[in-house]
Number of protein chains: 2
Amino acid sequence: MKNKLPPTTRSLPIALIRAREGVMIPIREMLAETGISEQQWRVLRVLDEHGPLDASTLADRASLLFPSLTRIAQSMRKKGLISQVQDKTDRRRQVIAITDAGQKIIDDNVDHAVQIVEGFKVSIGEANYEQLLDLLSLLDPDKSD
Amino acid sequence: MKNKLPPTTRSLPIALIRAREGVMIPIREMLAETGISEQQWRVLRVLDEHGPLDASTLADRASLLFPSLTRIAQSMRKKGLISQVQDKTDRRRQVIAITDAGQKIIDDNVDHAVQIVEGFKVSIGEANYEQLLDLLSLLDPDKSD
DNA sequence: AAAAATTCCTTAACATGTTAAATATTGCTA
DNA sequence: TAGCAATATTTAACATGTTAAGGAATTTTT
């Protein structure tokens with residue numbers, strides 16, 4: 001009656017959690033010094049990459065659920081890391097942009113972040129690294145799937 | 001000054017989150033019918049697989065942080081899915097075991113769960129599936145790393 | 001143009017993630 | 001054996017994940 005399922009050590013959801021734990025260790029170390037969370041870092045990176053965005057698009061690109069983004073945006077506004085203004089043509093939309101203070105956090109940590117990424121490539125091998133990203137994207141619900 | 005970092009679409013932490021989202025969709029559907037959470041399902045599966053365990057080992061194998069397990073175990077006890085007794089030789093330890101009611105949830109859903117796993121293998125290819133698990137284990141902090 | 005449906009965002013409520021502090025038990029050491 | 005360190009678990013506090021409900025603005029329908 002047992003053993004129909006793969007052992008938990010070979011379970012895809014658990015493997016994804018564990019891999020994420022491993023990946024986040026050095027990143028958390030970096031962010032601890034800056035005083036922002038991993039999610040806030042993602043918001044800043046997406047805004048840096050794409051420029052001002054409406055909240056929906058931002059949440060989507062930063063892989064945050066909408067209610068989470070609402071709260072995170074509130075605290076980031078208080079810290080002065082982002083600005084948020086109503087869109088003039090569609091007043092339902094909130095347009096969020098990175099501020100100078102937010103940009104400074106990105107700039108101050110880019111080198112360190114690049115170093116961390118390089119560390120992963122060295123640790124598991126560049127080819128494995130790229131292939132892992134390819135395989136993961138196969139599971140991404142927003143892509144071909 | 002930009003573009004030192006990979007684009008967020010090619011970021012390993014974000015790719016791991018998105019992949020997990022995709023993987024969890026059919027599993028959440030299954031669990032919604034049973035009334036237990038994804039974490040509670042992991043606890044049941046680990047207990048089914050290994051038998052009674054002390055809380056530390058259980059948390060480790062279910063990839064849960066200790067405080068999370070404490071709360072989850074409380075609610076699972078209330079539901080009658082697990083039992084929890086003090087270890088007699090070391091009264092600091094709490095030994096947690098699956099109950100008949102908990103076992104029934106596993107038994108009632110094994111076939112569905114197996115189907116979901118098969119779905120992933122078909123969707124991305126069996127070889128890719130196995131290789132993905134191998135690559136993910138390279139990032140697991142509790143393993144070789 | 002008024003009513004209904006849709007879209008975008010916020011709020012609410014509860015579970016979990018995360019870090020730190022507190023508690024209880026055991027083991028070690030002077 | 002009294003006292004201190006180490007271990008196992010719980011509790012606390014706050015951020016985030018998750019689902020559902022609510023509110024405001026826009027679009028669609030009639």
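These notebook entries record what I looked up in a predicted model of two protein chains and two DNA strands.

**Entry 1: the contact between the chains**

I began with the protein chains and found 47 residues of chain B in contact with 47 residues of chain A. On the chain B side, I noted that helix H1 (12-34), helix H2 (38-50), helix H5 (100-124) and helix H6 (126-139) each supply at least two residues. H1(B) gives the most to this side, with 15 residues. I then sorted the chain B residues that touch chain A by class and recorded 28 nonpolar, six polar and 13 charged.

**Entry 2: DNA strand C**

I turned next to DNA strand C, which is surrounded by 23 residues. The closest are Ala55(A), Ser56(A) and Pro67(A) from chain A, with Ser68(B) and Arg91(B) from chain B. Two or more residues of this surface come from each of helix H3 (55-61) and H4 of chain A, and H2 and H4 of chain B. H4(B) holds the largest share, five residues. By class, I listed seven nonpolar, eight polar and eight charged residues.

**Entry 3: DNA strand D**

Around DNA strand D I again looked up 23 residues. Those that come nearest are Ser37(A), Ser68(A), Ser56(B), Pro67(B) and Arg92(B). At least two residues each are supplied by helix H2 (38-50) and helix H4 (66-79) of chain A, and by helix H3 (55-61) and helix H4 (66-79) of chain B. Here the largest share, five residues, comes from H4(A). The surface near DNA strand D has seven nonpolar, eight polar and eight charged residues.

Note on methods:
Residues numbered from 1 in each chain as written. Chains lettered and ligands numbered in written order. Predicted model: local features only at pLDDT ≥ 70, side-chain atom pairs only at ≥ 80, totals over all residues. Near = placed C-beta within 6 Å. Helix = DSSP H or I, 4+ residues; strand = E, 2+ residues; numbered from the N terminus. Nonpolar A, V, L, I, M, F, W, Y, C, P; charged D, E, K, R; others polar. Contact = placed C-beta atoms within 7 Å.
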